[in-house]
Structures are given as C-alpha cells and as structure tokens.
Amino acid sequence: MAAHRTDPPEPPGFDPRSALAHLTRGQRAERLVHVRTLPAREGRVVPWPDWVAPEVTAALLGEGIDTLWEHQARVAELAHEGRHVLVATGTASGKSLGFLLPVLTALCDGTGSGTGRGATALYLAPTKALGADQAERLHTLAVPGVRVATLDGDTPTEERRWIRDHAHYVLTNPDLLHHTLLPGHERWRTFLRALRYVVVDECHVYRGVFGAHVSAVLRRLLRVAARYGARPTVVLASATVAEPEVLGRALLGQEVVAVTQDASPRRETVVALWQPPEQDDGRRRGTVAESASLLADLVETGVQTVAFARSRQGVEVVASRTRDELDARGAGVPGQVAAYRGGYLPEERRALEGALRGRQLLGLAATSALELGIDIAGLDAVVMSGWPGTRASFWQQAGRAGRRGAPSLAVLVAADDPLDTYLLTHPELIFETPVEACVLDPENPYVLGPHLAAAAAELPLTRDDVEWFGPTVPALTEQLVAGGVLRRRPTGWFWVRPERPSDHLQLRDAGQAVQIVDARSGRVLGTVDEDRALTTVHAGAVYVHQGQRHVVTDLDLEAAVALVVAGDPGWSTRARSESTFTVRSREGEEVWGAARLHTGRVEVTTRVTSFQRILPTGEVIGTHALELPERSLLTQAVWWTLPEDELALAGLGEDAVPGALHAAEHASIGMLPLLATCDRWDLGGVSTALHPDTGLPTVMVYDGHPGGAGFARRGFREAASWLTATLDLVQACSCQAGCPACVQSPKCGSGNEPLDRAGAVAVLAHLLSERPVDVARVI
Ligand SMILES: [Zn+2]
Ligand SMILES: [Zn+2]
C-alpha cells in the first residue's frame with residue numbers, strides 16, 4: 001500500500017551494474033547500445049491530516065503505516081474537499097493510501113448514522129485480479145464497522161442481496177455496473193443514495209474504444225446517483241500519463257484536478273537498451289531467444305527477474321527456452337522459471353504468485369497482464385522482450401523492478417521490427433520525450449449511441465442530459481428514435497422495448513472467449529478471444545501451453561471450444577488471411593500535389609483462408625485450406641492514394657506497384673505507435689494497386705477495434721511526421737531486400753508476399769515530395 005510498510009528483510013544487496021557487467025561479458029559488450037542511470041530520489045513526508053477517522057489511523061498504524069508522502073496527502077485533501085481528483089504517479093508510489101483516507105473516513109463516520117449506512121463507496125478495477133488484491137488489503141486492514149464486499153460476475157444472488165442492503169464499500173468493475181447495478185438501480189437505491197465516493201483504479205487502461213465505453217458507464221452512474229440525490233466525489237488513479245486532466249475529463253465529463261508530483265522515494269534504476277547479435281544468415285537473433293538467454297544469465301546468478309513478452313506465445317517460448325538454457329548449463333532447478341499470462345486459470349496464477357514471493361521462483365516470463373495490479377514485491381530486474389508499445393508501458397514495466405526501493409535493472413531487448421530499430425538509434429525518444437497522452441473519444445457515436453439507449457432504459461433521457469453525456473445527445477437520440485430504438489414523448493426519450501439494451505452491449509470488444517480443452521482429460525488449458533481463435537486454434541494449428549506443444553483437432557465456434565491433443569508434430573503453423581475494405585465515409589482530406597490523404601470510416605472484411613506448416617528452419621512444408629467465417633470490422637482509418645502515372649514518375653513499373661505499396665503499408669503500421677498510444681497489434685492495413693472506391697493505388701491503415709479508437713485519425717493529423725519517420729527507417733535499414741526491422745510484418749496475412757523495400761522508399765519519397773512546403777517536419 002505504501003512503500004514504507006514493514007516488509008520482510010531484503011535478500012543481500014542487488015547491484016545492477018555488476019549484473020549488467022555479467023550480461024555484457026566477453027564478445028557481448030557490443031550488444032549494449034545505450035545505458036541510462038535514473039538517479040535515486042528522496043521521499044517527501046507531510047503530517048497526517050487531522051480529519052482522518054481515529055479507527056482508520058489505528059488500522060493503518062497496525063500495518064506499520066504512520067506517515068504520508070506529499071502526493072498521497074494532496075489526493076486525500078482534494079477528495080475530502082469533494083473535488084474530483086486524478087492521481088498519476090509511478091508504479092508503487094502508494095496511490096491507494098491517498099484515496100483510502102477520505103473514503104474509509106467517510107464510511108466510518110457514516111456507520112454512526114441512524115441506518116448504520118450514512119455513506120457508501122464504490123471501487124472499480126479493470127481486472128478481477130486487481131479487485132481481489134484491493135479486497136485482500138481492506139480485509140487485512142479491517143477498519144471496525146466498515147463492511148467491504150466484492151461484487152463480480154461470480155457473486156451468488158443471495159450474497160448480492162446482502163451487499164446491496166448492507167455493504168459500505170463495494171469492490172467491482174465497470175462491466176458489472178453496466179450489466180447489473182445500473183439496469184437494476186432501483187434495488188440499489190439505498191446504496192446509491194448514500195454514495196459518497198467512486199474510486200476508479202488503473203484508469204489509464206480505459207483508452208481507445210474500451211475507454212469510450214467506460215466513460216459512458218461512469219457518466220451513467222453519476223447520472224443515476226444524482227437521481228437519488230447523491231453527488232459522489234470521484235478519485236481516479238492512473239499510471240503516469242501526459243495530460244491527466246484531459247483523461248479525467250474525458251472519462252467523467254467533468255472537471256478533474258490532477259496530482260502528478262510523485263513524492264515517494266525511489267532508488268536508482270539502470271536502464272539498458274540491448275540489440276541482439278547478427279547471425280550467419282545476416283538476420284538479427286530473435287528478441288525472444290535473446291531475452292531467454294538474458295533471463296537465464298540473471299536467474300543463474302540469483303537475480304529475481306521478470307521478462308515481459310509481447311504475446312502469449314512469446315511468453316511460453318521465453319520460459320521454455322530459459323529452462324532449456326539453464327539445463328544445458330547444468331544450472332536448472334525445477335520450478336525456478338515459469339510462464340504467466342492472461343489465459344491461465346486462477347489457481348495456476350495464485351501458485352505462481354506465491355512461489356515468486358517465496359523466491360523459489362526466480363525467473364518469470366509474463367505478458368503485460370502483470371502490469372495490472374498483481375502485487376509482485378522484491379524483483380531485482382526486468383527484461384523487456386521488444387518495445388512494449390508505448391513510453392507509458394515502458395516505464396510501467398521498468399518500474400516493476402525494485403518495488404521495495406532497492407536499486408534495479410531494466411533491459412529493453414529490441415525486436416527486429418521498424419519501431420524498435422528506430423528507437424534504438426533515437427534513445428532521446430524514450431528518455432527525453434514525455435509519456436503519451438491516453439487517447440479516448442467519449443463522443444464516438446458508435447459507442448455513445450448504444451449507451452444512451454441504456455441510459456434511457458435506466459431513466460428517460462431529457463435535454464438536460466447534455467450535462468452528463470455532452471453536446472451530441474440531442475442529435476444521437478433523434479437517430480435512435482429514427483432507428484426505432486427510442487420513442488420520443490413530451491417528457492423525454494424513452495426505451496419502450498421489453499428487453500434490456502445493456503444485454504447486447506459489451507464493454508470489451510474481445511468477443512466470446514474460446515476455451516482450449518485437452519481432448520483426452522477434458523481439462524481446460526486456457527482461453528483465447530474469438531478473433532484470435534481463428535488464427536491460433538483453428539483445426540490443425542500447433543498451440544503452445546506452458547512450453548508444451550499441442551495440436552488442435554477441432555475448433556467449434558458455436559460451442560466456443562477448441563479441442564487439443566498434447567504432442568509435438570515437429571512444425572509450427574501460421575494462418576493466412578485475405579482482407580479488403582470499402583470506404584463508408586470521408587471525414588478529412590489533405591491534398592499533397594497529386595496525392596490525397598484521407599481519414600474516415602471504413603469496413604474491413606477479413607477471412608482466414610489457409611494455414612502453413614513451417615519447420616524450425618523456416619521452410620514451409622505445406623499449405624492447407626480452411627473454411628472459416630468471414631469477419632467484418634467497421635472502424636476508422638487513414639489512407640492515401642497516388643495516381644499510377646505518379647508512381648511511374650517515381651520509377652515504379654506496373655509489376656513493382658503491389659510490392660512497393662505493401663512494404664510501405666507494413667512499415668507505416670510499424671511506425672504509427674510512435675505517435676499514438678497503441679501498438680502495431682492494435683492496427684491493421686490493406687494495400688492495393690487499384691482500389692474500387694478510390695479508383696487508384698491505395699494504402700490504408702486502420703484501427704483494429706470496432707468503431708475505431710482515434711489512432712488512425714492521429715496518423716492523419718500527423719501524417720507528415722509519421723510518413724517521414726517511416727521513410728527514414730526504411731531507407732536507413734542495412735538489409736538488402738527487406739527484413740523484419742523495416743518492411744516485413746509478423747502479422748501479415750499473406751506471409752509477407754510480395755514486398756519491395758526499394759519500391760517502398762521510392763513511393764514514400766515521392767509521396768512526401770508532393771507535400772506542400774509549409775507542413776512542418778517534426779517528431
Ligand atoms: Zn530491413
Ligand atoms: Zn502484409
């Protein structure tokens with residue numbers, strides 16, 4: 001909770017410099033491209049506020065917490081005064097103490113009222129794990145008279161009733177608000193009437209489309225609470241983000257004060273940028289293999305390390321390769337290295353967390369799921385297998401080490417892809433550039449429209465609801481009336497159908513989770529979302545779980561089950577797909593000579609058509625057709641066109657056009673995360689030598705989320721910077737015909753065919769030469 005609670009004694013001193021010296025021994029020094037030391041910082045302590053309830057002070061004292069950092073006190077004071085506040089400070093800066101003081105004090109004071117429930121509070125977490133973590137802390141604190149309860153999808157009906165009628169502090173999530181509490185608000189009226197505080201933890205997670213959904217849910221909550229006479233104060237806690245007031249305002253639709261000065265102490269962190277070596281074939285060693293070697297080195301010397309990989313499969317491979325390396329060196333100890341990722345079952349997760357705390361487990365490979373509040377204390381080092389996508393995630397992952405204030409080491413192992421390569425040669429973009437703003441669009445009509453229908457079912461909408469949902473309410477509600485969703489009456493807009501509008505509206509676009517089941521034992525190995533299921537667990541796919549290979553024997557999308565059989569066939573598999581797009585609307589245009597840049601809405605249609613079997617050498621030994629349903633995605637995109645005669649002027653003959661455009665598409669997808677809070681997996685692209693809608697050679701990049709998330713729009717707004725950086729990268733690459741560091745893409749549906757690197761340079765240079773001179777070239 002706070003950095004200065006009493007912890008068990010630390011293992012003997014960890015020295016990041018000697019650990020780094022061990023990693024760079026012998027020939028390996030040249031792999032270390034850049035080192036930066038972030039100095040230690042003293043903490044700033046302030047007096048305990050005199051308004052805190054004595055029971056709360058006593059409970060915290062029992063935990064060894066008797067002092068406050070300045071930022072904690074500032075958050076507590078602002079919330080106590082009834083101001084909405086957003087605290088955006090580093091990992092382990094004790095954000096929760098800031099909100100617990102006013103919240104628990106209000107709840108304590110409320111227990112003295114006639115009903116015993118003069119005040120209530122809600123705590124919202126984006127994940128179950130984080131909610132459970134918070135619940136455990138509150139149960140340990142055990143403030144007398146304050147009843148804390150967790151309400152999630154698994155809470156039985158009987159218990160829900162008790163929570164509704166008796167709990168003071170309810171820990172839940174936005175999904176449950178949306179599906180249960182808000183539609184049933186009349187049953188929750190005594191709770192809502194007394195609602196004093198709403199805590200929104202890890203609110204930086206609410207970005208893009210998911211952020212727009214959660215924003216609408218929070219506004220629905222404040223609106224319904226107001227109906228019962230409650231005006232709760234909202235406390236938002238976030239990782240470090242740029243423009244936190246903007247994020248808070250986008251989420252709530254109201255003014256929010258930001259607290260950003262982190263006053264907690266920090267010990268030194270050594271950050272290293274690492275480039276894997278070139279191999280005999282001229283390619284760089286993969287980031288996953290290199291990260292596994294570094295993890296093995298660190299584990300072998302007793303350094304407790306977490307290695308972050310970008311994908312679930314990457315996590316599995318890092319863990320199994322690290323084990324293999326340690327075994328080969330005769331240093332393997334069973335259970336000292338493990339994999340941890342989102343798809344695991346709760347029991348598996350808890351066992352791993354326990355082993356890590358007890359230091360039986362020294363090396364953990366994980367996806368970024370670990371970022372979300374799972375309390376891992378006392379790690380010495382972090383290895384990042386590839387750029388984590390944003391500076392905010394980078395600092396968050398780096399901050400995972402040294403939680404007890406000990407010095408720590410963070411190593412970024414560059415992947416062989418455009419953005420990583422670019423950052424390695426531009427470290428100032430990591431260290432001297434502020435973190436990204438968290439982008440979300442609360443007025444996305446595709447998101448807000450359905451939420452207005454849900455809000456109308458809760459309480460009829462009126463013109464006054466502009467206060468909660470913004471100026472687009474009248475126009476959107478009229479659209480809902482025209483579509484037969486709402487009915488207009490003299491007193492407002494009404495929902496008149498028998499079903500609940502929230503039933504069919506999901507906050508997370510992950511789609512239905514497909515269970516991966518061992519066909520022999522019936523055991524559930526994990527889950528994967530439906531879209532990903534089509535490319536990773538189709539019949540015939542090779543699926544890796546805890547380092548063990550399985551072959552998928554059947555994918556039943558209706559039952560949402562993939563059956564697998566354990567066994568290593570000796571090859572891996574890669575799905576191939578085809579995509580096309582149609583332009584639905586044009587929302588912005590820029591003229592660059594003969595070229596046109598657009599942003600607007602598109603519909604992208606994708607079908608997984610086949611898969612390839614690939615030997616470990618990379619040789620493809622067969623292609624097999626698949627019969628899978630077509631998927632279509634309505635989203636935002638940025639696209640540009642260049643007439644064929646201009647391409648000819650750039651030196652591209654007809655045959656060279658498809659490969660040149662395809663290569664330019666891949667590289668520009670790789671570079672967009674430089675400007676927007678996304679990673680390349682949030683984006684997709686399509687390029688074509690003749691598009692039916694534009695009638696021209698066209699390259700399009702789109703947001704990979706229904707309705708769009710603002711990423712492509714940002715690409716349009718900063719097209720000059722974006723495409724200039726893309727050209728610089730492709731031009732500067734040391735490869736011959738194109739490599740993963742420039743124009744190849746790991747997620748290409750057509751197996752990176754055709755690709756023409758020189759063609760991409762020609763087309764991008766020509767495109768940029770057409771741009772008017774007054775467009776600034778900045779990054
Ligand atoms: Zn290259
Ligand atoms: Zn491609």
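This is a tour of selected sites in a predicted model, given as a series of selections to make in the viewer.

**Stop 1: the zinc ion**

Select ligand 2, the zinc ion, and display the side chains around it. Which protein atoms serve as its donors? They are NE2 of His662, NE2 of His666 and SG of Cys748, at distances of 2.1 to 2.3 Å from the ion. Along the sequence, these donor residues follow the spacing H-x3-H-x81-C.

Now show helix 22, residues 657–671, as a ribbon. Both histidines, His662 and His666, sit in this helix, 4 residues apart, which is about one turn of it. Turn on the protein surface and look for the two side chains. His662 has a relative accessible area of 7%, under the 20% limit, so it is buried. His666 is also buried, at 3% relative accessibility.

**Stop 2: the loop between helix 24 and helix 25**

Select the loop that runs between helix 24 (719–732) and helix 25 (757–769). Pro754 is found in this loop, and so is Asn752.

Start with the backbone at Pro754. The peptide bond joining Glu753 to Pro754 is cis, with omega about -15 degrees. Step back to Asn752, which has a positive phi of about 60 degrees although it is not a glycine. Both features are worth a look because most peptide bonds are trans and most residues other than glycine have a negative phi. Is Asn752 buried or exposed? Its relative accessible area is 18%, and with the limit for burial at 20% it therefore counts as buried.

**Stop 3: Arg359**

Move to the loop between helix 13 (346–357) and strand 14 (363–366), and select Arg359 within it. Here again the backbone is the thing to inspect: phi of Arg359 is near 60 degrees, a positive value in a residue that is not glycine. Arg359 is partly exposed, with a relative accessibility of 25%.

**Stop 4: helix 9 against helix 17**

Colour helix 9 (residues 208–227) and helix 17 (residues 445–458) separately. How are the two helices oriented? They pack at an angle of about 20 degrees, with axes 10 Å apart. Angles under 35 degrees count as roughly parallel, so helix 9 and helix 17 fall in that class. The crossing of helix 9 past helix 17 is right-handed.

To see the contact, show these side chains:

- From helix 9: Val209, Ala212, His213, Ala216, Val217, Arg220, Arg223 and Val224.
- From helix 17: Val447, Leu448, His451, Ala454, Ala455 and Glu458.

By class, this contact is made up of 9 nonpolar, 2 polar and 3 charged residues.

Keep Glu458 selected. Glu458 belongs to helix 17 and is buried, at a relative accessible area of 8%. Leaving aside residues up to four places away in sequence, Glu458 touches Leu182, Pro183, His185, Arg220 and Val224. Arg220 and Val224 also appear among the helix 9 residues of the contact.

**Stop 5: helix 11 against helix 12**

Next, select helix 11 (residues 287–300) and helix 12 (residues 312–328). Their axes are 8 Å apart and the packing angle is about 50 degrees. That angle lies outside the parallel, antiparallel and perpendicular ranges, so helix 11 and helix 12 are oblique to each other. Helix 11 makes a right-handed crossing as it passes helix 12.

The side chains to display are these:

- From helix 11: Val288, Ala289, Ala292, Ser293, Leu295, Ala296, Val299 and Glu300.
- From helix 12: Gly314, Val317, Val318, Arg321, Thr322, Glu325 and Leu326.

Of the residues in this contact, 9 are nonpolar, 3 polar and 3 charged.

**Stop 6: two residues early in the chain**

Select Val46, which lies in strand 2 (residues 45–46). What does Val46 touch? With residues up to four places away in sequence left out, its contacts are Leu68, Trp69, Glu70 and Ala73. Draw a distance from Val46 to Ala73: the C-alpha atoms are 7.3 Å apart, with the two positions 27 residues apart in sequence numbering.

Finally, select Ser18 in helix 1 (residues 16–23). Ser18 is partly exposed, with a relative accessible area of 43%. Draw a second distance, from Ser18 to Glu70: these residues are 52 apart in sequence and 34 Å apart in space, C-alpha to C-alpha. Glu70 is one of the residues that Val46 touches.

Notes
Residues numbered from 1 in each chain as written. Chains lettered and ligands numbered in written order. Predicted model: local features only at pLDDT ≥ 70, side-chain atom pairs only at ≥ 80, totals over all residues. Heavy atoms only, no water. Axes fitted to C-alpha atoms, helices over the stretch in contact; angles between N-to-C directions. Parallel < 35°, antiparallel > 145°, perpendicular 65-115°, else oblique. Left-handed = near helix turned anticlockwise from the far one by under 90°. Contact = heavy atoms within 4.5 Å. Nonpolar A, V, L, I, M, F, W, Y, C, P; charged D, E, K, R; others polar. Donors = N, O, S within 2.8 Å, 3.2 Å for Na, K, Ca; no water. Buried < 20%, exposed > 50% of the residue type's maximum accessible area, 1.4 Å probe, protein only.
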